[in-house]
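Student: I've got this one open and I'd like to zoom in on its inside. Please take me there by way of the overall picture.

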Amino acid sequence: MRMILLGPPGAGKGTQAANLSIALKIPHISTGDIFRANIKEGTPLGVLAKTYIDAGKLVPDDVTIGIVEKRLENKDCVNGFLMDGFPRTIPQAEKFDAMLEKMGRSVDLVINIEVPDDLIVKRMSGRRMCSCGRTYHVDNNPPQKEGICDACGNKLYIREDDREETVKERLKTYHQQTSPLIDYYKKKGILVNVDGTKSIDDTSREILELIKNHA
Ligand code: AP5
(Lines give C-alpha, C1' and ligand atoms only; values in the text may rest on other atoms or scores of the structure.)
Protein backbone atom coordinates (compact mmCIF):
# COMPACT_ATOMS: atom_id res chain seq x y z
CA MET A 1 0.00 0.00 0.00
CA ARG A 2 1.25 3.50 -0.93
CA MET A 3 -0.08 5.99 1.58
CA ILE A 4 0.28 9.63 2.53
CA LEU A 5 -0.43 11.10 5.97
CA LEU A 6 -1.57 14.68 5.56
CA GLY A 7 -2.31 17.21 8.29
CA PRO A 8 -1.05 20.33 10.03
CA PRO A 9 2.15 20.33 12.10
CA GLY A 10 1.51 18.47 15.34
CA ALA A 11 -1.59 16.67 14.04
CA GLY A 12 -0.03 13.35 15.01
CA LYS A 13 1.33 12.23 11.63
CA GLY A 14 4.62 10.98 13.02
CA THR A 15 2.96 9.30 16.00
CA GLN A 16 0.46 7.46 13.80
CA ALA A 17 3.04 6.65 11.12
CA ALA A 18 5.25 4.87 13.66
CA ASN A 19 2.34 2.57 14.65
CA LEU A 20 1.05 2.08 11.10
CA SER A 21 4.46 1.28 9.68
CA ILE A 22 4.73 -1.68 12.09
CA ALA A 23 1.13 -2.83 11.52
CA LEU A 24 1.33 -2.60 7.71
CA LYS A 25 5.01 -3.64 7.38
CA ILE A 26 5.85 -0.71 5.12
CA PRO A 27 8.55 1.95 5.67
CA HIS A 28 7.72 5.26 7.34
CA ILE A 29 9.29 8.03 5.26
CA SER A 30 9.40 11.40 6.99
CA THR A 31 11.06 14.26 5.12
CA GLY A 32 11.23 16.14 8.45
CA ASP A 33 13.19 13.23 10.02
CA ILE A 34 15.54 13.13 7.01
CA PHE A 35 16.21 16.87 7.36
CA ARG A 36 16.75 16.60 11.14
CA ALA A 37 19.21 13.71 10.69
CA ASN A 38 21.16 15.85 8.20
CA ILE A 39 21.12 18.84 10.55
CA LYS A 40 22.51 16.63 13.33
CA GLU A 41 25.29 15.36 11.05
CA GLY A 42 26.04 18.88 9.78
CA THR A 43 25.76 17.92 6.09
CA PRO A 44 25.33 20.66 3.43
CA LEU A 45 21.67 19.57 3.12
CA GLY A 46 21.26 19.94 6.89
CA VAL A 47 22.82 23.43 6.88
CA LEU A 48 20.47 24.51 4.10
CA ALA A 49 17.34 22.89 5.61
CA LYS A 50 17.99 24.41 9.06
CA THR A 51 17.61 27.97 7.78
CA TYR A 52 14.09 27.18 6.52
CA ILE A 53 12.99 24.90 9.37
CA ASP A 54 14.01 27.35 12.11
CA ALA A 55 11.97 30.06 10.37
CA GLY A 56 8.88 27.83 10.07
CA LYS A 57 9.16 27.85 6.27
CA LEU A 58 9.30 24.98 3.80
CA VAL A 59 12.56 23.69 2.36
CA PRO A 60 12.54 24.45 -1.42
CA ASP A 61 10.57 21.96 -3.54
CA ASP A 62 13.47 20.87 -5.80
CA VAL A 63 15.60 19.92 -2.77
CA THR A 64 12.79 17.97 -1.08
CA ILE A 65 11.67 16.20 -4.25
CA GLY A 66 15.24 15.05 -4.97
CA ILE A 67 15.49 13.49 -1.51
CA VAL A 68 12.22 11.59 -1.86
CA GLU A 69 13.12 10.37 -5.35
CA LYS A 70 16.35 8.91 -3.97
CA ARG A 71 14.63 7.38 -0.92
CA LEU A 72 12.04 5.61 -3.10
CA GLU A 73 14.84 3.74 -4.88
CA ASN A 74 15.42 1.75 -1.68
CA LYS A 75 14.34 -1.88 -1.88
CA ASP A 76 12.17 -1.53 1.24
CA CYS A 77 9.69 0.56 -0.80
CA VAL A 78 8.72 -2.19 -3.26
CA ASN A 79 5.62 -3.20 -1.29
CA GLY A 80 4.62 0.35 -0.46
CA PHE A 81 5.42 3.21 1.87
CA LEU A 82 3.91 5.64 4.29
CA MET A 83 4.78 9.26 3.51
CA ASP A 84 4.77 11.64 6.48
CA GLY A 85 5.21 15.33 5.69
CA PHE A 86 5.52 14.86 1.93
CA PRO A 87 4.10 16.13 -0.36
CA ARG A 88 3.54 19.52 1.21
CA THR A 89 2.89 21.75 -1.81
CA ILE A 90 0.96 21.30 -5.07
CA PRO A 91 4.21 21.21 -7.15
CA GLN A 92 5.56 18.46 -4.82
CA ALA A 93 2.34 16.47 -5.25
CA GLU A 94 2.44 16.81 -9.05
CA LYS A 95 6.09 15.75 -9.18
CA PHE A 96 5.37 12.85 -6.83
CA ASP A 97 2.54 11.63 -9.10
CA ALA A 98 4.84 11.84 -12.13
CA MET A 99 7.61 9.99 -10.25
CA LEU A 100 5.26 7.14 -9.30
CA GLU A 101 3.71 7.01 -12.76
CA LYS A 102 7.18 6.41 -14.22
CA MET A 103 7.38 3.35 -11.92
CA GLY A 104 3.88 2.23 -13.00
CA ARG A 105 2.48 3.12 -9.58
CA SER A 106 0.21 5.64 -7.90
CA VAL A 107 -0.87 6.77 -4.43
CA ASP A 108 -3.56 4.44 -3.01
CA LEU A 109 -4.78 6.41 -0.03
CA VAL A 110 -4.36 9.81 1.63
CA ILE A 111 -5.29 10.09 5.32
CA ASN A 112 -5.96 13.67 6.35
CA ILE A 113 -5.64 14.07 10.13
CA GLU A 114 -7.76 17.03 11.25
CA VAL A 115 -6.82 19.00 14.38
CA PRO A 116 -7.72 22.66 15.14
CA ASP A 117 -4.89 25.22 15.48
CA ASP A 118 -5.39 25.95 19.20
CA LEU A 119 -4.95 22.29 20.14
CA ILE A 120 -1.82 22.08 17.98
CA VAL A 121 -0.08 24.88 19.86
CA LYS A 122 -0.78 23.00 23.14
CA ARG A 123 0.49 19.69 21.74
CA MET A 124 3.74 21.16 20.44
CA SER A 125 4.64 22.73 23.77
CA GLY A 126 4.59 19.26 25.41
CA ARG A 127 6.29 17.30 22.64
CA ARG A 128 9.53 15.47 23.38
CA MET A 129 11.59 13.77 20.68
CA CYS A 130 14.17 11.02 20.47
CA SER A 131 16.90 10.87 17.83
CA CYS A 132 15.65 7.32 17.01
CA GLY A 133 12.46 8.91 15.62
CA ARG A 134 10.07 8.20 18.54
CA THR A 135 7.80 11.02 19.65
CA TYR A 136 6.39 11.56 23.15
CA HIS A 137 4.22 14.09 24.94
CA VAL A 138 4.70 15.06 28.58
CA ASP A 139 0.96 14.58 29.34
CA ASN A 140 -0.63 12.61 26.48
CA ASN A 141 2.09 10.09 25.72
CA PRO A 142 4.83 10.20 28.37
CA PRO A 143 7.84 7.86 28.35
CA GLN A 144 8.06 5.32 31.20
CA LYS A 145 11.08 7.13 32.63
CA GLU A 146 10.98 10.93 32.42
CA GLY A 147 13.20 12.34 29.67
CA ILE A 148 14.34 8.90 28.41
CA CYS A 149 13.20 7.05 25.28
CA ASP A 150 11.39 3.75 26.02
CA ALA A 151 12.72 2.20 22.82
CA CYS A 152 16.43 3.03 22.83
CA GLY A 153 17.22 4.63 26.21
CA ASN A 154 18.52 7.88 24.66
CA LYS A 155 17.82 11.28 26.22
CA LEU A 156 14.75 13.05 24.85
CA TYR A 157 15.00 16.59 23.47
CA ILE A 158 12.72 19.50 22.53
CA ARG A 159 12.60 20.40 18.84
CA GLU A 160 13.86 23.92 18.12
CA ASP A 161 10.95 24.59 15.78
CA ASP A 162 8.47 23.81 18.60
CA ARG A 163 8.86 27.32 20.06
CA GLU A 164 5.45 29.03 20.09
CA GLU A 165 6.34 31.77 17.53
CA THR A 166 7.78 29.17 15.12
CA VAL A 167 4.74 26.91 15.56
CA LYS A 168 2.48 29.84 14.61
CA GLU A 169 4.61 30.48 11.51
CA ARG A 170 4.48 26.77 10.61
CA LEU A 171 0.70 26.83 10.90
CA LYS A 172 0.57 29.86 8.59
CA THR A 173 2.78 28.02 6.08
CA TYR A 174 0.53 24.95 6.38
CA HIS A 175 -2.67 26.91 5.65
CA GLN A 176 -1.10 28.75 2.70
CA GLN A 177 0.92 26.00 1.02
CA THR A 178 -0.13 22.56 2.27
CA SER A 179 -3.89 22.67 2.92
CA PRO A 180 -4.64 23.04 -0.87
CA LEU A 181 -3.52 19.38 -1.10
CA ILE A 182 -6.77 18.36 0.62
CA ASP A 183 -8.73 19.39 -2.50
CA TYR A 184 -6.04 18.01 -4.81
CA TYR A 185 -6.44 14.49 -3.38
CA LYS A 186 -10.20 14.82 -2.79
CA LYS A 187 -10.63 15.39 -6.54
CA LYS A 188 -8.71 12.16 -7.18
CA GLY A 189 -11.14 10.33 -4.84
CA ILE A 190 -8.39 8.95 -2.59
CA LEU A 191 -8.67 11.23 0.46
CA VAL A 192 -10.27 10.30 3.79
CA ASN A 193 -10.55 12.58 6.83
CA VAL A 194 -9.77 11.39 10.34
CA ASP A 195 -10.59 13.21 13.59
CA GLY A 196 -7.14 13.76 15.14
CA THR A 197 -8.49 15.22 18.40
CA LYS A 198 -9.24 11.77 19.82
CA SER A 199 -6.70 9.77 21.82
CA ILE A 200 -3.65 8.36 20.04
CA ASP A 201 -5.01 4.78 20.30
CA ASP A 202 -8.51 5.71 19.11
CA THR A 203 -7.04 7.58 16.14
CA SER A 204 -4.85 4.55 15.28
CA ARG A 205 -7.89 2.25 15.42
CA GLU A 206 -9.90 4.59 13.18
CA ILE A 207 -7.10 4.76 10.62
CA LEU A 208 -6.59 0.98 10.58
CA GLU A 209 -10.34 0.49 10.10
CA LEU A 210 -10.33 2.93 7.17
CA ILE A 211 -7.41 1.11 5.57
CA LYS A 212 -9.19 -2.24 6.00
CA ASN A 213 -12.34 -0.87 4.34
CA HIS A 214 -10.32 0.72 1.56
CA ALA A 215 -8.49 -2.53 0.80
P1 AP5 B 1 8.03 17.72 9.96
O2 AP5 B 1 8.95 17.01 10.85
O3 AP5 B 1 7.31 16.96 8.89
O4 AP5 B 1 7.00 18.49 10.87
P5 AP5 B 1 5.42 18.77 10.72
O6 AP5 B 1 4.71 18.31 9.53
O7 AP5 B 1 5.33 20.21 10.99
O8 AP5 B 1 4.83 17.82 11.70
P9 AP5 B 1 5.31 17.50 13.10
O10 AP5 B 1 6.43 16.49 13.05
O11 AP5 B 1 5.59 18.77 13.86
O12 AP5 B 1 4.00 16.91 13.74
P13 AP5 B 1 3.26 15.52 13.54
O14 AP5 B 1 2.01 15.72 12.77
O15 AP5 B 1 4.19 14.46 13.08
O16 AP5 B 1 2.83 15.29 15.05
P17 AP5 B 1 3.44 14.31 16.16
O18 AP5 B 1 3.06 12.91 15.86
O19 AP5 B 1 4.87 14.62 16.40
O20 AP5 B 1 8.75 18.92 9.23
C21 AP5 B 1 9.57 19.83 9.94
C22 AP5 B 1 10.05 20.90 8.98
O23 AP5 B 1 10.83 20.31 7.92
C24 AP5 B 1 8.96 21.68 8.24
O25 AP5 B 1 8.47 22.76 9.02
C26 AP5 B 1 9.69 22.12 6.98
O27 AP5 B 1 10.51 23.25 7.23
C28 AP5 B 1 10.59 20.94 6.67
N29 AP5 B 1 9.95 19.97 5.76
C30 AP5 B 1 9.54 18.71 6.06
N31 AP5 B 1 8.96 18.13 5.00
C32 AP5 B 1 8.99 19.05 4.00
C33 AP5 B 1 8.51 19.06 2.67
N34 AP5 B 1 7.87 18.00 2.13
N35 AP5 B 1 8.70 20.18 1.93
C36 AP5 B 1 9.35 21.25 2.43
N37 AP5 B 1 9.81 21.32 3.70
C38 AP5 B 1 9.62 20.23 4.49
O39 AP5 B 1 2.54 14.80 17.41
C40 AP5 B 1 2.74 16.09 18.00
C41 AP5 B 1 2.64 15.95 19.55
O42 AP5 B 1 1.30 15.63 19.91
C43 AP5 B 1 3.52 14.82 20.13
O44 AP5 B 1 4.01 15.24 21.37
C45 AP5 B 1 2.55 13.63 20.31
O46 AP5 B 1 2.93 12.77 21.37
C47 AP5 B 1 1.23 14.35 20.58
N48 AP5 B 1 0.07 13.65 20.01
C49 AP5 B 1 0.00 13.05 18.79
N50 AP5 B 1 -1.24 12.54 18.58
C51 AP5 B 1 -1.96 12.86 19.70
C52 AP5 B 1 -3.33 12.61 20.09
N53 AP5 B 1 -4.19 11.96 19.29
N54 AP5 B 1 -3.73 13.09 21.29
C55 AP5 B 1 -2.87 13.75 22.09
N56 AP5 B 1 -1.57 14.01 21.80
C57 AP5 B 1 -1.12 13.57 20.60
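How far apart are the mean positions of the 32 positive and 31 negative charges of the protein? After that, please take a close look at the largest nonpolar core.

Tutor: Charges to begin with: the two mean positions are 3 Å apart. Lys and Arg count as positive and Asp and Glu as negative, with His and the chain ends not counted, and each charge is placed at NZ of Lys, CZ of Arg, CG of Asp or CD of Glu. Bear in mind that this is a predicted model, where local features need pLDDT of at least 70 and side-chain atom pairs count only at pLDDT 80 or more, while totals for chains, interfaces and linings use all residues. Residues are numbered from 1 along each chain as its sequence is written, and side-chain values use heavy atoms, leaving out hydrogens and water.

Now the overall picture. The protein has 9 helices and 7 strands, which are DSSP runs numbered from the N terminus (helices: H or I, at least four residues; strands: E, at least two). Its radius of gyration is 16 Å, close to the 17 Å from the globule rule for 215 residues, so it is as compact as a globular protein of that length. That radius is taken over C-alpha atoms, and the rule is 2.2 Å times the number of residues to the power 0.38. Of the 215 residues, 45% count as buried, where buried means under 20% relative accessible area, exposed over 50%, and partly exposed in between (1.4 Å probe, protein chains only). Among contacts with a separation of 6 or more, 69% join residues 24 or more positions apart; a contact is heavy atoms within 4.5 Å.

On to the core itself. A nonpolar core here is a set of buried Ala, Val, Leu, Ile, Met, Phe, Trp, Tyr and Cys residues joined through side-chain atoms within 4.5 Å. The largest one has 23 residues, and the members touching the most others are Leu72, Phe81, Met83, Phe96, Val110 and Tyr185. At least two core residues come from each of strand 1 (2-6), helix 4 (61-71), strand 3 (81-84), helix 5 (90-102) and helix 8 (180-187). Pick Leu72 and look around: beyond its neighbours within four places in sequence, it is in contact with Ile29, Cys77, Phe81, Phe96, Met99, Leu100 and Met103. There's also a second, separate core of 18 residues, with Met3, Ala11, Ala17 and Leu20 among them.

Follow the chain on from strand 3 and you meet an oddity. Pro87 sits in the loop between strand 3 and helix 5, and the peptide bond from Phe86 to Pro87 is cis, with omega near -5°. Lys25 is another one to check, with a positive phi of about 55° although it is not a glycine. Most residues other than glycine have a negative phi, and most peptide bonds are trans. Lys25 lies in the loop between helix 1 (13-24) and strand 2 (28-30), and it counts as exposed because its relative accessibility is 72%.

For contrast, try Thr166 in helix 7 (residues 164-178). Its relative accessible area is 6%, so Thr166 is buried. Apart from neighbours within four places in sequence, Thr166 is in contact with Ile53, Asp54, Ala55, Gly56 and Asp161.
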